[in-house]
Amino acid sequence: MTSQQLRATTEGEQRAGDALPPSIHPQVFQHTVNQADVAISITDGRGNILYVNPAFTRLTGYAGEEAVGQNQSLVSNHSMPREFYQDLWQTISQGEPWTGRLINRRKDGSKYLAELSISPVANAGGEILNYLGMHRDITELHRLESQVQNQKALIESVVDAAPMVIALLDVDDRVVLDNHEYKKLQADLGMAEPAPMLMSAVRAGLELDSGRGRRTSGYLFLDREVRLDPPGGRSPRWFSCSGSRVREDDTSADAFLAGQGRDYLLLVAKEITSLRTQQEKVRVAALQVLMADEDRVSGLRESLAAATFRLEGPLNMMASVVGMLARRQGETDPMSVALAEAIGAGQQALAELRSMIPGETREAFGAVNLNELLRDVLDLSTGRLLAAGITVIWQPQAMLPALQGAPNKLRSLFKALIDNAIEAMNTRGCRERELTVASKARLGGIEVDIADSGPGIASAQLLKVFEPFHTTKRGGGHLGTGLSAAQQIAAEHGGFLEIEPTTTRGCRVRVLLPLHRRP
């Protein structure tokens, strides 16, 4: 385009209503267009080139005299679909600007990807006089974009194919990204988001460790074992969890200089249920031997304690009789002397009997998973439950906070309650035999409910069953001496036991234990 043609076009734009400020000469616009770094071309209404700037020549290889008079399709590679060009011409013919990407070809035949913008130039009457085209080479930008997309697709493929649960969490433990294994875990557990629950268990473990958790460079925590107890009687599942911090830079304009960003937590949970199941079998077998020994010792302790308790009564009564005879007939009375000697021998035998009672083993307090303890007791009682035809309804909270307690004593507590429930239901005439064991977290503690469908306890006996050596088994009840010991263990842990009165058959015992025992 000659200077006169460009000037005429400028004057046409002025007549169309876009008048130039008086202080700006049209040549200023011509110099600006000539020195612009973006390729600019002006065509007539049929797409024939009237003007190209130097940047157009540098990009396409066509000099101004080679391009002027040619159709704009001179630089097109003609590889785009026909519908693409039809949409382009339909848009600009209606006076609307068009922006898009297409493949162009240089004079030397090389191809490049262009980002093209076409703006119609109309007069005051709305008649399109020219088209202003501006385009730039975005081949390298497209390559970088494609590379980023390919890397993103590869990473997503690797993450989805990984045989472990992966989830990206924000500061509020909301899941931002996840993989197929995480979705499978959601379906298996029947919950919307298991990741926050896993994180709660990890944090609880880190707090209990008091800063002694394993930390490695780049990790907030590493190989933290977490146990989940699905409801419905399903077997527990174990996961080894690791977490690392991920930072995302803020892409907003405000963060250009400030360098702001958002922090995320990358949670990786590898299921180790198979390994832990094998370990649990060995542990439960050893625990069964230990509990059997403890049961024998506990039985011996209770038997000897009951014997001394029963012997003390007659000896005390005989001592009262001796005292009365001595006052009436004198201390030298042969009958009084003989009885006194017999009482002395009996008291000496009673003292020897007391010395034979095994002492209780002191057990250190530590972090306890009550779901695990309850499963231990149910596993140990499997034989008796099957023999009595009892159906177990296991309703644990999937994740319980750790409790500070003595594991073996707590097992003894729950075993006494479950043994009593089995004895209650294993009687003639008890047709419905169901044992329900449920656990749930409460504010500052854990509640465990053990309910059976046996004959229940008469309301008059609800308080007496907590007395030592009191039993109602002959009357059909089932909570006797074991309940007194269970109550004692609960009290040692700062908790308590209560029996819920029921109007129907059955018995429900509630155990409430605080997470931390008060000093």
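1. Does Asp223 count as buried, partly exposed or exposed? At 39% relative accessibility, Asp223 counts as partly exposed, and the residue belongs to strand β8, which spans residues 221–228. The model under discussion is a predicted one, and the points below should be read with that in mind. What draws attention to Asp223 is its backbone, since its phi is near 55°, a positive value in a residue other than glycine.

2. A second residue may be set beside Asp223, namely His78, which has a positive phi of about 55° although it is not a glycine. Most residues other than glycine have a negative phi. His78 is placed in the loop between α4 (64–67) and α5, and with a relative accessible area of 54% it is exposed. Asp223, by contrast in setting, lies in a strand, β8.

3. On the aromatic side chains, the structure holds 3 aromatic pairs. Phe84 and Tyr85 make one edge-to-face pair, with 5.5 Å from centre to centre and 85° between the planes. Of these two residues, Phe84 is buried, its relative accessible area being 19%, whereas Tyr85, at 22% relative accessibility, counts as partly exposed. Because the limit for buried is under 20%, the values of 19% for Phe84 and 22% for Tyr85 are assigned to separate classes.

4. Phe84 also pairs with Trp98, again edge-to-face, and here the figures are 5.5 Å centre to centre and 85° between the planes. Phe84 lies in helix α5 (residues 82–93) and Trp98 in strand β3 (residues 98–105), so this pair ties together parts that are 14 residues apart in sequence. Trp98 is buried, with a relative accessible area of 8%. Taken as a group, Phe84, Tyr85 and Trp98 are linked into a cluster by ring pairs.

5. Turning to charged side chains, a search of the whole structure finds 29 salt bridges. Side chains of opposite charge can pair when their charged atoms come close. One of the salt bridges joins Glu66 to Lys107, with the closest N and O atoms 2.5 Å apart. Since Glu66 lies in helix α4 and Lys107 in the loop between β3 and β4 (111–122), the pair ties together parts that are 41 residues apart in sequence. Glu66 is partly exposed, with a relative accessible area of 33%, and Lys107, at 45% relative accessibility, likewise counts as partly exposed.

6. Another salt bridge is formed by Asp263 and Arg247, whose closest N and O atoms are 3.0 Å apart. Asp263 lies in strand β10 (residues 261–271) and Arg247 in strand β9 (residues 237–249), so that the pair ties together parts that are 16 residues apart in sequence. Asp263 is partly exposed, its relative accessible area being 31%, and Arg247 is partly exposed as well, with a value of 47%.

7. The salt bridge between Arg174 and Asp170 has its closest N and O atoms 2.9 Å apart. The partners fall into opposite classes, for Arg174 counts as exposed at 51% relative accessibility, while Asp170 counts as buried at 15%. A further arrangement of charges is a network of salt bridges that links Arg442, Glu447, Asp449, Glu498 and Arg510.

8. Which side chain does the side chain of Asp173 meet in a polar contact? The partner is Arg203, at 2.9 Å. Asp173 has its place in the loop between β6 (165–169) and β7 (175–178), and it is buried, with a relative accessible area of 15%. Leaving aside neighbours within four places in sequence, Asp173 is in contact with Pro196, Met199 and Arg203, so that Arg203 appears both among these contacts and as the partner in the polar contact.

9. Finally, on the surface, Met317, Val321 and Met324 make a nonpolar patch of about 260 Å². Val321 is found in helix α10, which runs over residues 273–329, and at 34% relative accessibility it counts as partly exposed. Patches are drawn from residues with over 30% relative accessible area, and it is for this reason that Val321, at 34%, can be included while still being classed as partly exposed.

Technical notes: Residues are numbered from 1 along each chain as its sequence is written. This is a predicted model: local features need pLDDT of at least 70, side-chain atom pairs count only at pLDDT 80 or more; totals for chains, interfaces and linings use all residues. Side-chain values use heavy atoms; hydrogens and water are left out. Helices (H or I, at least four residues) and strands (E, at least two) are DSSP runs, numbered from the N terminus. Buried means under 20% relative accessible area, exposed over 50%, partly exposed in between (1.4 Å probe, protein chains only). A polar contact is a pair of N or O atoms within 3.5 Å; within protein, one must be able to donate a hydrogen and the other to accept it, and residues adjacent in sequence count only if both atoms are side-chain atoms. Contact means heavy atoms within 4.5 Å. Rings of Phe, Tyr and Trp (its six-membered ring) pair if their centres lie within 6.5 Å; planes under 30 degrees apart count as stacked, over 60 as edge-to-face and the rest as tilted. Patches are made of residues with over 30% relative accessible area and no salt bridge: like charges are joined within 9 Å, nonpolar side chains (Val, Leu, Ile, Met, Phe, Trp, Tyr) within 5 Å. Accessible areas come from the Shrake-Rupley method with a 1.4 Å probe; for residues, only the protein chains shown count as cover. A salt bridge is a side-chain nitrogen of Lys or Arg within 4 Å of a carboxyl oxygen of Asp or Glu.
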